Amino acid sequence: MKNWLARLGAGLAAALLASSPVFAQSNDFERWLQSFRAEASAAGISDTVLDRALTGLTVNPRVYELNDNQPEFSRGVWDYLDSAVSATRVQNGRAKYQDNRSLLTLIENAYGVDAEIIAAIWGLESSYGAIMGDYDAIQALATLAYEGRRTGYGRSQLIGALKIIQHGYASREELKGSWAGAMGHTQFIPTTYLSYAVDHDGDGRRDIWSNLGDVFASTANYLSVSGYRANEPWGVEVTLPADFDYALADSNIKKPAVEWAAGGLEAANGASILERVDPNMRGRLILPAGARGPGFLVFGNFEAILKYNRSTAYALAVSLLSEEIAGRSGAVAQSWPRDDRPLSLSERKALQQALKDRGFDPGPVDGIIGAGTKRALRAWQKQAGLPADGYASAAMLTALQG
Ligand SMILES: [Ca+2]
(Lines give C-alpha, C1' and ligand atoms only; values in the text may rest on other atoms or scores of the structure.)
Protein backbone atom coordinates (compact mmCIF):
# COMPACT_ATOMS: atom_id res chain seq x y z
CA MET A 1 0.00 0.00 0.00
CA LYS A 2 2.77 2.37 1.00
CA ASN A 3 4.83 1.58 -2.14
CA TRP A 4 1.81 1.89 -4.30
CA LEU A 5 1.17 5.36 -2.86
CA ALA A 6 4.81 6.36 -3.32
CA ARG A 7 4.72 5.38 -7.02
CA LEU A 8 1.85 7.78 -7.56
CA GLY A 9 4.13 10.70 -6.82
CA ALA A 10 3.80 13.22 -4.03
CA GLY A 11 1.08 15.33 -5.61
CA LEU A 12 -1.37 12.56 -6.38
CA ALA A 13 -0.70 10.73 -3.07
CA ALA A 14 -1.41 13.94 -1.17
CA ALA A 15 -4.62 14.38 -3.11
CA LEU A 16 -5.69 10.85 -2.21
CA LEU A 17 -4.81 11.33 1.45
CA ALA A 18 -6.76 14.57 1.32
CA SER A 19 -9.97 12.66 0.86
CA SER A 20 -10.34 12.78 4.68
CA PRO A 21 -13.22 15.16 5.48
CA VAL A 22 -11.14 18.02 6.91
CA PHE A 23 -8.43 18.43 4.32
CA ALA A 24 -10.59 17.92 1.27
CA GLN A 25 -12.52 21.00 2.16
CA SER A 26 -9.85 23.66 1.95
CA ASN A 27 -11.57 25.16 -1.10
CA ASP A 28 -14.89 24.97 0.67
CA PHE A 29 -13.31 26.65 3.70
CA GLU A 30 -12.08 29.50 1.47
CA ARG A 31 -15.60 29.92 0.10
CA TRP A 32 -17.03 29.78 3.62
CA LEU A 33 -14.57 32.46 4.75
CA GLN A 34 -15.81 34.74 1.96
CA SER A 35 -19.42 34.36 3.07
CA PHE A 36 -18.41 34.80 6.70
CA ARG A 37 -16.63 38.06 5.78
CA ALA A 38 -19.93 39.43 4.53
CA GLU A 39 -21.61 38.46 7.78
CA ALA A 40 -18.80 40.03 9.85
CA SER A 41 -18.92 43.24 7.75
CA ALA A 42 -22.63 43.50 8.41
CA ALA A 43 -21.83 43.16 12.13
CA GLY A 44 -19.55 46.19 11.85
CA ILE A 45 -16.10 44.61 11.49
CA SER A 46 -13.84 46.71 9.27
CA ASP A 47 -12.12 45.41 6.12
CA THR A 48 -8.74 46.17 7.67
CA VAL A 49 -9.43 43.89 10.64
CA LEU A 50 -10.95 41.19 8.42
CA ASP A 51 -7.93 41.28 6.09
CA ARG A 52 -5.47 41.02 8.95
CA ALA A 53 -7.34 38.32 10.87
CA LEU A 54 -8.67 36.07 8.13
CA THR A 55 -6.24 36.20 5.21
CA GLY A 56 -4.48 32.86 4.82
CA LEU A 57 -6.49 31.31 7.63
CA THR A 58 -6.79 27.52 7.58
CA VAL A 59 -8.84 24.93 9.45
CA ASN A 60 -7.12 23.58 12.56
CA PRO A 61 -7.49 19.76 12.24
CA ARG A 62 -6.92 19.23 15.97
CA VAL A 63 -9.81 21.58 16.87
CA TYR A 64 -11.99 19.83 14.30
CA GLU A 65 -11.16 16.48 15.88
CA LEU A 66 -11.75 17.63 19.48
CA ASN A 67 -15.09 19.20 18.51
CA ASP A 68 -16.16 16.02 16.78
CA ASN A 69 -15.27 13.78 19.69
CA GLN A 70 -18.15 12.75 21.93
CA PRO A 71 -16.43 10.53 24.48
CA GLU A 72 -17.99 7.08 24.84
CA PHE A 73 -17.06 6.85 28.51
CA SER A 74 -17.80 9.42 31.18
CA ARG A 75 -16.51 9.84 34.70
CA GLY A 76 -18.48 9.72 37.92
CA VAL A 77 -18.88 13.05 39.69
CA TRP A 78 -16.62 11.69 42.48
CA ASP A 79 -13.80 11.06 39.99
CA TYR A 80 -14.17 14.59 38.64
CA LEU A 81 -14.11 16.06 42.17
CA ASP A 82 -11.04 13.98 43.09
CA SER A 83 -9.01 15.78 40.43
CA ALA A 84 -10.81 19.16 40.54
CA VAL A 85 -10.32 19.46 44.30
CA SER A 86 -7.06 17.51 44.52
CA ALA A 87 -4.57 18.07 47.34
CA THR A 88 -2.26 19.83 44.86
CA ARG A 89 -4.95 22.22 43.64
CA VAL A 90 -5.91 23.00 47.25
CA GLN A 91 -2.30 23.58 48.26
CA ASN A 92 -1.58 25.79 45.24
CA GLY A 93 -4.85 27.62 45.83
CA ARG A 94 -3.98 28.49 49.40
CA ALA A 95 -0.56 29.76 48.32
CA LYS A 96 -1.96 31.81 45.42
CA TYR A 97 -4.66 33.20 47.70
CA GLN A 98 -2.01 34.37 50.17
CA ASP A 99 0.19 35.83 47.41
CA ASN A 100 -2.72 37.90 46.06
CA ARG A 101 -4.60 38.50 49.26
CA SER A 102 -4.73 42.32 49.18
CA LEU A 103 -5.75 42.44 45.52
CA LEU A 104 -8.43 39.78 46.03
CA THR A 105 -9.79 41.56 49.14
CA LEU A 106 -9.99 44.84 47.24
CA ILE A 107 -11.98 43.14 44.47
CA GLU A 108 -14.13 41.19 46.93
CA ASN A 109 -15.18 44.50 48.51
CA ALA A 110 -15.75 46.22 45.18
CA TYR A 111 -17.94 43.48 43.63
CA GLY A 112 -19.39 41.62 46.60
CA VAL A 113 -17.92 38.31 45.45
CA ASP A 114 -16.00 36.21 47.97
CA ALA A 115 -12.26 36.14 47.28
CA GLU A 116 -12.05 32.37 47.77
CA ILE A 117 -14.69 31.83 45.06
CA ILE A 118 -12.72 33.98 42.59
CA ALA A 119 -9.59 32.02 43.49
CA ALA A 120 -11.39 28.67 43.11
CA ILE A 121 -12.65 29.57 39.61
CA TRP A 122 -9.11 30.65 38.72
CA GLY A 123 -7.85 27.28 40.00
CA LEU A 124 -10.33 25.24 38.00
CA GLU A 125 -10.22 27.24 34.78
CA SER A 126 -6.45 27.45 34.33
CA SER A 127 -4.77 25.88 37.39
CA TYR A 128 -4.12 29.44 38.62
CA GLY A 129 -2.79 30.64 35.28
CA ALA A 130 -0.57 27.62 34.56
CA ILE A 131 -2.68 26.25 31.68
CA MET A 132 -4.52 28.95 29.70
CA GLY A 133 -4.45 27.28 26.29
CA ASP A 134 -2.17 28.12 23.41
CA TYR A 135 -4.56 27.80 20.48
CA ASP A 136 -4.89 30.72 18.08
CA ALA A 137 -8.44 31.74 19.08
CA ILE A 138 -9.33 33.15 15.64
CA GLN A 139 -8.32 29.92 13.91
CA ALA A 140 -10.00 27.71 16.54
CA LEU A 141 -13.26 29.65 16.37
CA ALA A 142 -13.23 29.77 12.56
CA THR A 143 -12.82 25.98 12.55
CA LEU A 144 -15.82 25.58 14.88
CA ALA A 145 -17.85 28.10 12.88
CA TYR A 146 -17.12 26.37 9.60
CA GLU A 147 -18.37 22.86 10.31
CA GLY A 148 -19.46 20.53 13.10
CA ARG A 149 -21.84 20.64 16.02
CA ARG A 150 -20.99 24.15 17.26
CA THR A 151 -21.25 26.32 14.13
CA GLY A 152 -23.61 28.87 15.69
CA TYR A 153 -21.38 29.20 18.74
CA GLY A 154 -18.28 29.44 16.54
CA ARG A 155 -19.74 32.20 14.34
CA SER A 156 -20.91 34.43 17.18
CA GLN A 157 -17.66 33.96 19.12
CA LEU A 158 -15.53 34.59 16.03
CA ILE A 159 -17.35 37.88 15.46
CA GLY A 160 -16.81 38.62 19.17
CA ALA A 161 -13.08 37.94 18.82
CA LEU A 162 -12.89 40.23 15.78
CA LYS A 163 -14.60 42.97 17.80
CA ILE A 164 -11.95 42.57 20.52
CA ILE A 165 -9.28 43.22 17.88
CA GLN A 166 -11.20 46.08 16.26
CA HIS A 167 -11.66 47.89 19.61
CA GLY A 168 -7.95 47.45 20.30
CA TYR A 169 -8.57 45.49 23.51
CA ALA A 170 -6.07 42.89 22.35
CA SER A 171 -4.05 42.22 19.22
CA ARG A 172 -4.62 39.38 16.78
CA GLU A 173 -1.55 37.60 18.19
CA GLU A 174 -2.63 38.01 21.80
CA LEU A 175 -5.90 36.14 21.27
CA LYS A 176 -4.78 32.76 22.60
CA GLY A 177 -6.98 30.27 24.40
CA SER A 178 -8.47 26.80 24.60
CA TRP A 179 -9.48 24.86 21.50
CA ALA A 180 -13.04 26.11 22.08
CA GLY A 181 -11.95 29.76 22.22
CA ALA A 182 -11.99 30.34 26.00
CA MET A 183 -9.21 32.76 26.88
CA GLY A 184 -7.01 33.94 29.71
CA HIS A 185 -6.65 33.05 33.40
CA THR A 186 -10.38 32.45 33.93
CA GLN A 187 -11.21 31.35 30.37
CA PHE A 188 -13.60 33.97 29.05
CA ILE A 189 -15.17 33.35 25.65
CA PRO A 190 -15.14 36.46 23.43
CA THR A 191 -18.77 37.53 24.00
CA THR A 192 -18.34 37.16 27.78
CA TYR A 193 -15.17 39.21 27.51
CA LEU A 194 -16.95 41.96 25.57
CA SER A 195 -19.83 42.14 28.07
CA TYR A 196 -18.12 41.60 31.41
CA ALA A 197 -14.34 42.03 31.31
CA VAL A 198 -13.09 44.94 33.42
CA ASP A 199 -10.02 47.20 33.30
CA HIS A 200 -9.15 47.08 37.00
CA ASP A 201 -5.78 48.86 36.92
CA GLY A 202 -7.02 51.62 34.61
CA ASP A 203 -4.37 51.24 31.91
CA GLY A 204 -7.07 51.29 29.22
CA ARG A 205 -6.85 47.55 28.51
CA ARG A 206 -8.98 44.70 29.82
CA ASP A 207 -6.13 42.27 30.05
CA ILE A 208 -7.39 38.82 31.09
CA TRP A 209 -4.20 37.18 29.79
CA SER A 210 -1.57 38.77 32.03
CA ASN A 211 -2.97 41.32 34.51
CA LEU A 212 -4.29 39.62 37.65
CA GLY A 213 -6.24 42.70 38.75
CA ASP A 214 -8.11 42.68 35.43
CA VAL A 215 -8.54 38.88 35.70
CA PHE A 216 -10.01 38.89 39.22
CA ALA A 217 -12.19 41.96 38.62
CA SER A 218 -13.54 40.54 35.35
CA THR A 219 -14.38 37.22 37.03
CA ALA A 220 -16.01 38.95 40.01
CA ASN A 221 -17.95 41.28 37.73
CA TYR A 222 -19.30 38.36 35.73
CA LEU A 223 -20.38 36.52 38.92
CA SER A 224 -21.92 39.67 40.36
CA VAL A 225 -23.96 40.29 37.20
CA SER A 226 -24.95 36.58 37.32
CA GLY A 227 -26.54 37.18 40.74
CA TYR A 228 -23.76 36.42 43.23
CA ARG A 229 -24.38 38.04 46.63
CA ALA A 230 -21.78 38.76 49.30
CA ASN A 231 -21.94 36.91 52.60
CA GLU A 232 -24.32 34.23 51.42
CA PRO A 233 -23.26 30.56 51.45
CA TRP A 234 -23.15 28.60 48.18
CA GLY A 235 -24.93 25.79 49.96
CA VAL A 236 -24.67 23.14 52.64
CA GLU A 237 -24.25 19.37 52.53
CA VAL A 238 -27.38 17.71 53.87
CA THR A 239 -28.67 14.33 54.97
CA LEU A 240 -32.21 13.22 54.11
CA PRO A 241 -34.76 11.44 56.30
CA ALA A 242 -35.39 7.72 55.72
CA ASP A 243 -38.77 8.13 54.01
CA PHE A 244 -37.66 11.03 51.81
CA ASP A 245 -39.51 11.71 48.57
CA TYR A 246 -36.65 11.93 46.06
CA ALA A 247 -38.82 13.69 43.55
CA LEU A 248 -38.18 16.83 45.65
CA ALA A 249 -34.60 16.87 44.35
CA ASP A 250 -35.78 18.68 41.23
CA SER A 251 -34.24 21.82 39.73
CA ASN A 252 -37.71 23.39 39.61
CA ILE A 253 -38.38 22.98 43.34
CA LYS A 254 -36.98 25.88 45.37
CA LYS A 255 -38.07 26.44 48.96
CA PRO A 256 -36.90 28.46 51.99
CA ALA A 257 -34.34 26.66 54.19
CA VAL A 258 -36.85 26.57 57.03
CA GLU A 259 -39.21 24.45 54.91
CA TRP A 260 -36.45 22.05 53.94
CA ALA A 261 -35.55 21.74 57.64
CA ALA A 262 -39.19 21.02 58.47
CA GLY A 263 -39.12 18.29 55.82
CA GLY A 264 -36.36 16.51 57.73
CA LEU A 265 -33.19 17.76 56.00
CA GLU A 266 -30.23 18.18 58.36
CA ALA A 267 -26.71 19.48 57.85
CA ALA A 268 -24.37 16.55 57.20
CA ASN A 269 -22.55 17.24 60.48
CA GLY A 270 -25.80 16.51 62.34
CA ALA A 271 -26.66 20.12 63.17
CA SER A 272 -29.74 21.98 62.03
CA ILE A 273 -29.31 23.57 58.59
CA LEU A 274 -30.78 26.71 60.15
CA GLU A 275 -27.58 27.11 62.19
CA ARG A 276 -25.72 27.48 58.93
CA VAL A 277 -28.11 29.48 56.74
CA ASP A 278 -30.79 32.13 56.93
CA PRO A 279 -34.18 30.38 57.37
CA ASN A 280 -35.66 32.43 54.53
CA MET A 281 -32.95 31.70 52.00
CA ARG A 282 -34.46 29.79 49.10
CA GLY A 283 -32.61 26.82 47.77
CA ARG A 284 -32.96 23.56 45.89
CA LEU A 285 -31.75 20.08 46.68
CA ILE A 286 -29.21 18.40 44.42
CA LEU A 287 -28.22 14.72 44.47
CA PRO A 288 -25.30 14.65 42.02
CA ALA A 289 -24.97 10.85 42.27
CA GLY A 290 -28.61 10.03 42.92
CA ALA A 291 -30.25 8.65 46.05
CA ARG A 292 -27.16 6.59 46.99
CA GLY A 293 -24.86 9.62 47.15
CA PRO A 294 -24.53 12.87 49.17
CA GLY A 295 -27.11 15.65 48.99
CA PHE A 296 -26.55 19.39 48.95
CA LEU A 297 -28.94 22.24 49.52
CA VAL A 298 -27.75 24.97 47.14
CA PHE A 299 -28.61 28.68 47.00
CA GLY A 300 -28.37 31.68 44.70
CA ASN A 301 -24.57 31.86 44.69
CA PHE A 302 -24.40 28.28 43.42
CA GLU A 303 -26.72 29.28 40.56
CA ALA A 304 -24.40 32.23 39.80
CA ILE A 305 -21.43 29.85 39.55
CA LEU A 306 -23.50 27.70 37.17
CA LYS A 307 -23.77 30.69 34.82
CA TYR A 308 -20.01 30.41 34.46
CA ASN A 309 -20.24 26.77 33.45
CA ARG A 310 -23.54 24.90 33.31
CA SER A 311 -22.31 21.74 35.01
CA THR A 312 -23.38 20.76 38.53
CA ALA A 313 -20.09 18.93 39.06
CA TYR A 314 -18.18 22.10 38.11
CA ALA A 315 -20.19 24.37 40.43
CA LEU A 316 -19.77 21.85 43.25
CA ALA A 317 -16.02 21.68 42.62
CA VAL A 318 -15.71 25.51 42.72
CA SER A 319 -17.73 25.58 45.95
CA LEU A 320 -15.77 22.84 47.73
CA LEU A 321 -12.40 24.18 46.52
CA SER A 322 -13.34 27.65 47.77
CA GLU A 323 -13.94 26.23 51.25
CA GLU A 324 -10.48 24.66 51.25
CA ILE A 325 -8.81 27.83 49.94
CA ALA A 326 -10.47 29.81 52.75
CA GLY A 327 -8.99 27.37 55.27
CA ARG A 328 -12.21 25.51 56.01
CA SER A 329 -12.92 21.91 55.07
CA GLY A 330 -14.32 21.20 51.64
CA ALA A 331 -14.51 17.48 52.34
CA VAL A 332 -17.82 15.81 51.55
CA ALA A 333 -18.98 14.00 54.71
CA GLN A 334 -21.15 11.32 53.08
CA SER A 335 -19.64 8.75 50.80
CA TRP A 336 -20.06 8.64 47.02
CA PRO A 337 -21.35 5.45 45.41
CA ARG A 338 -17.92 4.69 43.93
CA ASP A 339 -19.06 1.21 42.90
CA ASP A 340 -21.71 2.83 40.70
CA ARG A 341 -20.26 2.62 37.20
CA PRO A 342 -21.10 5.72 35.10
CA LEU A 343 -23.04 4.83 31.94
CA SER A 344 -21.28 5.00 28.58
CA LEU A 345 -22.71 7.05 25.71
CA SER A 346 -24.30 3.98 24.10
CA GLU A 347 -25.73 2.86 27.44
CA ARG A 348 -27.22 6.30 28.04
CA LYS A 349 -28.86 6.06 24.62
CA ALA A 350 -30.09 2.54 25.48
CA LEU A 351 -31.60 3.87 28.71
CA GLN A 352 -33.42 6.61 26.81
CA GLN A 353 -34.66 4.07 24.25
CA ALA A 354 -35.89 1.74 27.02
CA LEU A 355 -37.82 4.62 28.62
CA LYS A 356 -39.33 5.43 25.26
CA ASP A 357 -40.27 1.78 24.68
CA ARG A 358 -42.08 1.78 28.02
CA GLY A 359 -44.03 4.89 27.06
CA PHE A 360 -42.03 7.51 29.02
CA ASP A 361 -40.81 10.28 26.71
CA PRO A 362 -37.15 11.18 27.40
CA GLY A 363 -36.89 13.58 24.43
CA PRO A 364 -34.31 12.82 21.73
CA VAL A 365 -32.31 9.59 22.12
CA ASP A 366 -28.94 11.41 22.10
CA GLY A 367 -27.17 10.09 25.19
CA ILE A 368 -27.50 13.45 26.94
CA ILE A 369 -29.18 13.01 30.32
CA GLY A 370 -31.02 16.33 30.52
CA ALA A 371 -34.20 17.48 32.22
CA GLY A 372 -36.43 15.50 29.84
CA THR A 373 -34.65 12.18 30.46
CA LYS A 374 -34.62 12.76 34.22
CA ARG A 375 -38.33 13.54 34.24
CA ALA A 376 -39.14 10.39 32.24
CA LEU A 377 -36.88 8.29 34.47
CA ARG A 378 -38.53 9.65 37.64
CA ALA A 379 -41.99 8.88 36.26
CA TRP A 380 -40.96 5.31 35.48
CA GLN A 381 -39.21 4.92 38.88
CA LYS A 382 -42.37 6.09 40.64
CA GLN A 383 -44.48 3.60 38.74
CA ALA A 384 -41.98 0.82 39.53
CA GLY A 385 -41.96 1.74 43.24
CA LEU A 386 -38.27 2.78 43.20
CA PRO A 387 -36.73 5.92 44.78
CA ALA A 388 -37.58 8.56 42.14
CA ASP A 389 -34.18 10.30 42.01
CA GLY A 390 -34.06 10.48 38.20
CA TYR A 391 -30.45 9.29 38.33
CA ALA A 392 -29.31 7.30 35.30
CA SER A 393 -27.29 4.48 36.85
CA ALA A 394 -26.26 1.06 35.53
CA ALA A 395 -28.76 -0.50 37.95
CA MET A 396 -31.60 1.57 36.44
CA LEU A 397 -30.58 0.56 32.91
CA THR A 398 -30.65 -3.13 33.89
CA ALA A 399 -34.03 -2.72 35.62
CA LEU A 400 -35.47 -0.86 32.64
CA GLN A 401 -34.31 -3.50 30.20
CA GLY A 402 -35.49 -6.38 32.39
CA1 LIG B 1 -6.00 46.83 32.62
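Q: What makes both faces of strand 7 count as covered?
A: Strand 7 spans residues 295–298. G295 and L297 sit on one side, F296 and V298 on the other, and all are buried. A residue is buried if 20 or more other C-beta atoms lie within 10 Å of its own, exposed if 12 or fewer, and partly exposed in between; the C-beta atoms are placed from the backbone. Each side therefore holds residues that pass the buried cut-off. In a regular strand the side chains alternate between the two faces of the sheet.

Q: How do you know how far to trust such calls, and how is the numbering set?
A: This is a predicted model: local features need pLDDT of at least 70, side-chain atom pairs count only at pLDDT 80 or more, and totals for chains, interfaces and linings use all residues. Residues are numbered from 1 along each chain as its sequence is written. pLDDT is the predictor's confidence in each residue, from 0 to 100. The protein averages a pLDDT of 92, and 94% of the residues score at least 70.

Q: Which residues have a pLDDT that stays under 50?
A: Residues 1–20 do. The model has five contacts for them beyond four places in sequence. Two residues are in contact if their C-beta atoms, placed from the backbone, lie within 7 Å.

Q: What makes strand 3 and strand 7 a pair?
A: Four bridges join them, and they run antiparallel. Two strands pair if DSSP finds at least two bridges between them, so four is enough. V236 stands opposite L297 in strand 7. Strands themselves are DSSP runs of E, at least two residues; helices are runs of H or I, at least four residues; both are numbered from the N terminus.

Q: How do you know that strand 6 pairs with strand 7?
A: Strand 6 (residues 282–286) and strand 7 share three bridges, in the antiparallel sense. That count meets the DSSP requirement for a pair. R284 stands opposite V298 in strand 7.

Q: What makes strand 3 and strand 5 a pair?
A: Two bridges, again antiparallel. Two is exactly the minimum, so the pair counts. Strand 3 covers residues 235–239. Its V238 stands opposite A267 in strand 5.

Q: Why are strand 4 and strand 5 called edge strands?
A: The open sheet has five strands in the order 4-6-7-3-5, with antiparallel pairing. Strand 4 (255–256) and strand 5 (266–267) each pair on one side only.

Q: What makes one face of helix 5 the buried one?
A: In helix 5 (residues 61–68), V63, Y64 and N67 are buried. Seen down the helix axis, the buried residues fall within an arc of 100 degrees, so they line one face. The arc is that of the directions from the helix axis to the C-beta atoms. The cover over them includes strand 1 (135–136) and helix 10 (137–146).

Q: Why is S127 called partly exposed?
A: S127 has 16 C-beta neighbours inside 10 Å. That falls between the exposed and buried cut-offs, so S127 is partly exposed. S127 lies in the loop between helix 9 (115–126) and strand 1. S127 has a positive phi of about 50 degrees, although it is not a glycine.

Q: Is Q187 buried or exposed, and how do you know?
A: Q187 is buried, with 24 other C-beta atoms within 10 Å. Q187 sits in the loop between strand 2 (176–177) and helix 12 (190–196). Q187 is not a glycine, yet its phi is positive, about 55 degrees.

Q: Why is S322 called buried?
A: S322 has 26 other C-beta atoms within 10 Å, so the buried cut-off is met. S322 is found in helix 16 (residues 312–325).

Q: What does S322 contact, leaving aside its neighbours within four places in sequence?
A: S322 is in contact with D114, E116, I117 and A120. S322 and E116 are 206 residues apart in sequence and 4.9 Å apart in space, C-alpha to C-alpha.

Q: What sets the bounds of domain 1 and domain 2?
A: The domain assignment gives domain 1 as 235–298 and domain 2 as 345–401. Such bounds come from an automatic or database domain assignment. The contact takes eight residues from domain 1 and seven residues from domain 2. On the domain 1 side, six are nonpolar, two polar and no residue is charged. Here Ala, Val, Leu, Ile, Met, Phe, Trp, Tyr, Cys and Pro count as nonpolar, Asp, Glu, Lys and Arg as charged, and the others, Gly among them, as polar. The domain centres, taken over C-alpha atoms, are 24 Å apart.
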